[in-house]
Amino acid sequence: MTALQFVLSSSTHLASSTPPPSPDAMARPASKSSPSKGGGGDDNDHNSNSDNNDVDALTPQRFERELKDLAAKARSDTWAGRAREQLVVYARAAVLLALLGVYANVSQLNLSPVYGAIPASIWHSKLLMTGCFVGWAGNVALRPRLAGVGGAARALPLVALYAPALQFFLFRLSGRLGAQWGPVLTEALTLFPLAVLTAAAVADDLEAARLTMLPGFVADAAPGLGSWGLLKLVEQRAGDHLRAHMGSVVVYTRVGLELLLGLAYAASAPSRFLVYAVPPLLHTLVANPHVASPAAWDGLVSGMMSENWLLIDRRESLTGYISVVQSMREGFRALRCDHSLLGGNWVHSSGGEVSEPIYGVFAMLEAVRLAESEKPVADKDAHALVVGLGVGTTPSAFVTHGINTTVVEIDPVVHELAVKFFELKENNPPVIADAVSYTASLAASAPETYDYIVHDVFTGGAEPVDLFTLEFFQGLGTLLKPDGIVAINYAGDLSLPPPKLIYRTIKHVFPTCRIFRESPRDAEAAKGAAPDFTNLVIFCKKTSGPLRFRAPTVSDYLQSPARQEFLHLKHEVPQEELLAGDDASVLSRNDTSAVVKWHQTSALGHWAIMRSALPDMIWEQW
């Protein structure tokens, strides 16, 4: 029996079991009673009124009205109506999960200039997963605690709008917190509560979802698993999208995205409690130097000048946050990308034909010209390929020597700033493309094109593994002429396994190599008591036989003291140090895990080195 049939039968039974009132009773008006001094009415009159109310409840008009209400409710409880209700429930949950998926990427983007992308990611997934689990499993317990702000959904905008202000103050403690715990604390106070509240709000919404068509255990697990799957999907897709569009408009900036997400949360769950978000919002708009506004720029430039530093330019780009800074006290200019330096020049040096580099390793790469061959090639007839631009120290020197030089650089902002602020010299248009795909297509169409190839790529304390695989080096080998020379700049901790694996991979393609350090190993590193982080330059050729270098001449120096020092290659590393042991594995494109698993250790060591290269204030102020 349906609910409607039950109500109809019950109403019919009541109507039939109760005698209808007489016409006289229905027509007789209720008598009015005079109130007593105590305010009470006559008991008889009170009973009479009660009887009349009971009779009114059973009138045909009342019965007909209730019947119509039940019929209307039955008509509205259709499949389409239920589907609309369910669609609203799922849409609201999907919006909250999508916002969290985007915010997870934005949180990492905001941490990377201060801590580097790899240190920032160490605990990121664990915090996100734990927050979602706590919110999902504890949503019932959280309800009374969040009742004062209207529930989990209405608390989300407050957390999102407070996040930029919290990050602003926590970033100033990065030197004390370090790269290990700084990102953990920052995301524990910003991303973690956002994940807890999102999961709790979604769990509350999905309690109204009907999954009656599924088996019981599947119906119980489906909302949680589906929510987590949607969150990770949005996180991945949003990451790809943001990396491709960062810096294109004001919205696609780190703090701009945080503000946009905060407003989106506020629009999804408006409440009177949003007034409490006004102070942090005003702080972000007025006092946060990371906002992409003229006022924030002027304030940051003024603050840095008081510390004898000049901020020349800054950009958001696909490889990270990029800025050009200059030390007015020491007289050098540097190009940074997130928490790493891509290179720099001394700005007060004069008289040289090219800019003077602050790092000797870039001058060492130019020694590729000094390698002896059976058929020496004149500079004016030589062709060079440079993979990775930086500030353009090596390609500028090649162009000055008259070498036909092609540069492959993935980031257009890096190229733009190298031209604008580091006197990059060019004799060919740059190739702004991914080096892996570009060299693969070039190797198929134009083999044995280059006399010199310089491989100079590095990001944030870890190898970009795709550019150190066997397949990539094989492509470079195809592009190199039979007598050509390749120079590979490898920056890493030589006490860890990755340098040995990468050198074995290089040797698999180029049988003859020599290795030189930028600086000698210190005593602690030699005893194995400290990391041995350094820049190596590995020179190789495709043919067997000894690899020798001619002595540099005055014309090779380009009137540069750094080149006079570093073109005389020193601190050679015996290759036995990198080939010791029985391991013969190489790094292939299909399996890079042997290197990736060491990235965290290497990146944490690199973070400390960068903090010694530039003061905390530079990294914290972006």
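In this predicted model, the charged end of Lys126 is placed over the ring of Trp123, at 5.3 Å from the centre of that ring.

Aromatic rings also meet one another, and a search of the whole structure returns 13 aromatic pairs. One of them joins Phe332 and Trp346 in an edge-to-face arrangement, with 5.8 Å from centre to centre and 80° between the planes. Because Phe332 belongs to strand S3 (residues 332–337) and Trp346 to strand S4, this pair ties together parts that lie 14 residues apart in sequence. The two partners can be described in terms of their accessibility: Phe332 is buried, with a relative accessible area of 8%, whereas Trp346 is partly exposed, with a relative accessible area of 35%. A further aromatic pair, formed by Phe398 and Tyr452, is tilted, with 6.4 Å between the centres and 35° between the planes. This pair links distant parts of the chain, since Phe398 is in helix H17 (residues 393–401) and Tyr452 in strand S9 (residues 450–456), 54 residues apart. Both Phe398 and Tyr452 are buried. Elsewhere, ring pairs connect Phe468, Phe472, Phe473 and Tyr490 into a cluster.

Strand S4 (residues 340–346) also holds Asn345, which is buried, with a relative accessible area of 6%. When neighbours within four places in sequence are left aside, the residues in contact with Asn345 are Phe332, Arg333, Ser355, Glu356, Pro357, Ile358, Val391, Thr393 and Phe422. Phe332, the partner of Trp346 in the edge-to-face pair, is thus also among the contacts of Asn345.

Turning to charged side chains, the count of salt bridges comes to 20. Glu207 and Arg143 form one of these, with their closest N and O atoms 2.7 Å apart. The two residues come from distant parts of the chain, Glu207 lying in the loop between helix H11 (191–206) and helix H12 (216–245) and Arg143 in helix H8 (residues 139–146), with their positions 64 residues apart in sequence. Arg143 is partly exposed, its relative accessible area being 35%. Within helix H12, Lys232 and Glu235 are three residues apart, about one turn of the helix, and they form a salt bridge in which the closest N and O atoms are 2.8 Å apart. Lys232 counts as partly exposed because its relative accessibility is 30%, whereas Glu235, at 11% relative accessibility, counts as buried.

A salt bridge is likewise found between the side chains of Glu366 and Arg563, at 2.9 Å from N to O. Since Glu366 lies in the loop between helix H16 (360–365) and strand S6 (383–387), and Arg563 in helix H24 (residues 561–566), the pair ties together parts that are 197 residues apart in sequence. Glu366 and Arg563 are both buried. In addition, a network of salt bridges links Arg369, Asp379, Arg550 and Asp556.

On the surface, a nonpolar patch is formed by Tyr162, Leu166, Leu185, Leu189, Val275, Tyr276, Val278 and Leu282, which together have about 700 Å² of accessible area. The elements that contribute two or more residues to this patch are helix H9 (152–171), helix H10 (174–189) and helix H14 (278–287). Leu189, one of the residues of the patch, has its place in helix H10 and is partly exposed, with a relative accessible area of 42%.

Terms used:
Residues are numbered from 1 along each chain as its sequence is written. This is a predicted model: local features need pLDDT of at least 70, side-chain atom pairs count only at pLDDT 80 or more; totals for chains, interfaces and linings use all residues. Side-chain values use heavy atoms; hydrogens and water are left out. Patches are made of residues with over 30% relative accessible area and no salt bridge: like charges are joined within 9 Å, nonpolar side chains (Val, Leu, Ile, Met, Phe, Trp, Tyr) within 5 Å. Accessible areas come from the Shrake-Rupley method with a 1.4 Å probe; for residues, only the protein chains shown count as cover. A salt bridge is a side-chain nitrogen of Lys or Arg within 4 Å of a carboxyl oxygen of Asp or Glu. Helices (H or I, at least four residues) and strands (E, at least two) are DSSP runs, numbered from the N terminus. Buried means under 20% relative accessible area, exposed over 50%, partly exposed in between (1.4 Å probe, protein chains only). Contact means heavy atoms within 4.5 Å. Rings of Phe, Tyr and Trp (its six-membered ring) pair if their centres lie within 6.5 Å; planes under 30 degrees apart count as stacked, over 60 as edge-to-face and the rest as tilted. A charge sits over a ring if NZ of Lys or CZ of Arg is within 6 Å of the ring centre and within 35 degrees of the ring normal.
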